Amino acid sequence: MSDKAEIKVNGSSYELPLVKGTEDELAIDISSLRAQSGVITIDTGFKNTGSTKSAITFLDGEKGILRYRGYPIEQLADQSTFIEVAYLLIYGSLPSASELSDFQQKITTHTLVHEDIKKLLDGFPSTAHPMGVLSSLVTSLTAFYPQSLDPNRPEEEVEMSIIRILAKMPTFAAWAFKNQMGHPVNYPDNSLDYCSNFLKMMFALPTEKFEADPVVTAALDKLLILHADHEQNCSASTVRIVGSSQASLYASISAGINALWGPLHGGANQAVIEMLENIRKDGGDTKKWMAKAKDKNDPFRLMGFGHRVYKNFDPRAKIIKKAADDVLEKLGVNDPVLDIAKGLEREALEDQYFVDRKLYPNVDFYSGIIYKALGIPPEMFTVMFALGRLPGWIAQWKEMSENKEPIGRPRQVYVGANSRDYVPVSKR
Ligand code: CMC
């Protein structure tokens, strides 16, 4: 097979190299096309454009495959822990027992945040969405650790930034929730594991002894694993592109949090539960809402359905659907929105509109139902996604930096006004 592609533009042919991935994916390297021909390529929304070569996550949207560093998501969700998966994503291989305990220990000893960060938190009104608070607190780390801003920071500094952000993010997330509730914050408890510590900071009351329910801790750990990376999605690409200007890890992650916030990306989990609640309050007529989703004159979309890359099924959704059933049963929760969700899924899978467009439930369709059962309120759902996605963002940022990728700077096709002379306001 040839390792070249030929592109014909206005009768002239140009040869371009083909790039092959380890899973035999083929790409045309168009980086020399403009120099050769004066022509650029355009692909709004990057629907068919690879922005990088990456060794972190493989996904095949047609076959519903997702692997972190080669390991299938099903095996990791079933047998691993979030901290181990974080190590795997960030450093590229599964840790030995001592590497894992060392990593865990380092994270545990950096959970506390500078007391002045609490003053920043106090400045936010309780109406502040926790995602805005989270991204602000993450950016604020640049002020407390200014050495992280140095583009020539030594490797040990990068390593410390990685540990600090992993350790402090649960504290920030729980504090963003407390701020919204108008409650005093809880400080981290370093005798606990990652998830139990987070749950304690979220839910412990000063007057009662708190012990996280192991069912809740296990479900949370699984959800975090399932969200941990997803190759070049909107937020990961944002993290890489911000980082490509040599911005610090904290600034890049903060940008990723903001990219995740929108309802078409991570914000979908909050939107799903709100949609399901609305359908329930409206009498539970799923057919009516299905019709709205298909109506091109109605902006309503079936939230939690469809995906840019999964055109068969989202393997994460499969695991989450089962986990939702398990968790609700174990916790003895009977949530009517679960039945609405299952009804909608059944109808959509048989509906020609959804079948033709290959629209299937995505990771966010059932995750909100579990979060709700765990006692986490809807405005916190996307924060939970961010907590899970953090190791992926770190891994993407680290890979981009280590590969010394050039600054991200797309081109455009200009479609505005041609050159024209300025007319003073008095003559307009
Ligand atoms: N409900 C109804 N119609 C839909 C939906 C939906 N949820 N999703 C896509 N479509 C239709 C869309 O109208 C279009 O139809 P047509 O070809 O007739 O114009 C077609 O399907 C293709 O949609 P698209 O918007 O061009 O596809 P995209 O790849 O640009 O968008 C998506 C992908 C996830 C943004 C979109 O499916 C969507 O808005 N879904 C709902 C939001 C959601 O659940 N987002 C979470 C994604 S998973 C978490 C994550 O990783 O971010």
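**Loops, helices and a ligand shell**

User: Hi! At 44% relative accessibility, what does S245 count as?

Analyst: S245 has a relative accessibility of 44% in this predicted model. Buried would need a value under 20%, and exposed a value over 50%. The value for S245 falls in between, so this residue counts as partly exposed.

User: Thanks! Where along the chain does S245 lie, and how far in space is its C-alpha from that of L359?

Analyst: S245 sits in the loop that joins helix 10 (234-243) to helix 11 (249-261). Along the chain, S245 and L359 are 114 residues apart. In space, their C-alpha atoms are separated by 36 Å.

User: Which residue in the loop between helix 10 and helix 11 has a positive phi, and what is the value?

Analyst: Most residues other than glycine have a negative phi. In the loop between helix 10 and helix 11 lies Q246. The residue with a positive phi is Q246, and its value is near 70°.

User: What about D24: where does it lie, and is it buried or exposed?

Analyst: D24 belongs to the loop between strand 2 (12-20) and strand 3 (26-28). Its phi is positive too, near 65°, in a residue other than glycine. The relative accessibility of D24 is 53%, and the cut-off for exposed is over 50%, so D24 counts as exposed.

User: How far is Y310 from K63 in space, C-alpha to C-alpha?

Analyst: Y310 is found in the loop between helix 13 (286-294) and helix 14 (315-331). This residue counts as buried because its relative accessibility is 3%. Y310 and K63 are 247 residues apart in sequence, yet C-alpha to C-alpha the distance is 8.1 Å.

User: Now the ligand, please. How many residues surround it, and how do they divide by type?

Analyst: The shell around the ligand holds 21 residues, the closest being H265, R301, L302, G304 and R308. By type, this shell divides into ten nonpolar, five polar and six charged.

User: Which side chains have an N or O atom by a ligand oxygen, and how much of the ligand's accessible area does the protein cover?

Analyst: The side chain of K47 places an N or O atom 3.3 Å from an oxygen of the ligand, and for N362 that distance is 2.9 Å. H265 has a polar side-chain atom 2.5 Å from a ligand oxygen. On its own the ligand has 940 Å² of accessible area, and the share covered by the protein is 78%.

User: Why do the buried residues of helix 4 line one face, and within what arc do they fall?

Analyst: Helix 4 (residues 97-108) has twelve residues and should span 16 Å at 1.5 Å a residue, which agrees with its end C-alpha atoms being 16 Å apart. Its buried residues are L100, F103, I107 and T108. They line one face of the helix because, looking down the axis, they fall within an arc of 130°.

User: Lastly, how many residues of helix 9 are buried, and which residue caps its N-terminal end?

Analyst: Helix 9 (residues 214-227) reaches 20 Å from its first C-alpha to its last, close to the 20 Å expected at 1.5 Å a residue. It is mostly covered, with ten of its 14 residues buried, including V216, L220 and D221. At the N-terminal end, a side-chain oxygen lies 2.8 Å from the backbone nitrogen of V215, and the capping residue that carries this oxygen is D213.

Technical notes: Residues numbered from 1 in each chain as written. Predicted model: local features only at pLDDT ≥ 70, side-chain atom pairs only at ≥ 80, totals over all residues. Heavy atoms only, no water. Near = heavy atom within 4 Å. Polar contact = N/O pair within 3.5 Å; in protein donor to acceptor, adjacent residues only side chain to side chain. Areas by Shrake-Rupley, 256 points an atom, 1.4 Å probe, with all protein chains shown as cover. Nonpolar A, V, L, I, M, F, W, Y, C, P; charged D, E, K, R; others polar. Helix = DSSP H or I, 4+ residues; strand = E, 2+ residues; numbered from the N terminus. Expected span 1.5 Å × (residues − 1). Buried < 20%, exposed > 50% of the residue type's maximum accessible area, 1.4 Å probe, protein only. Arc of directions from axis to C-beta.
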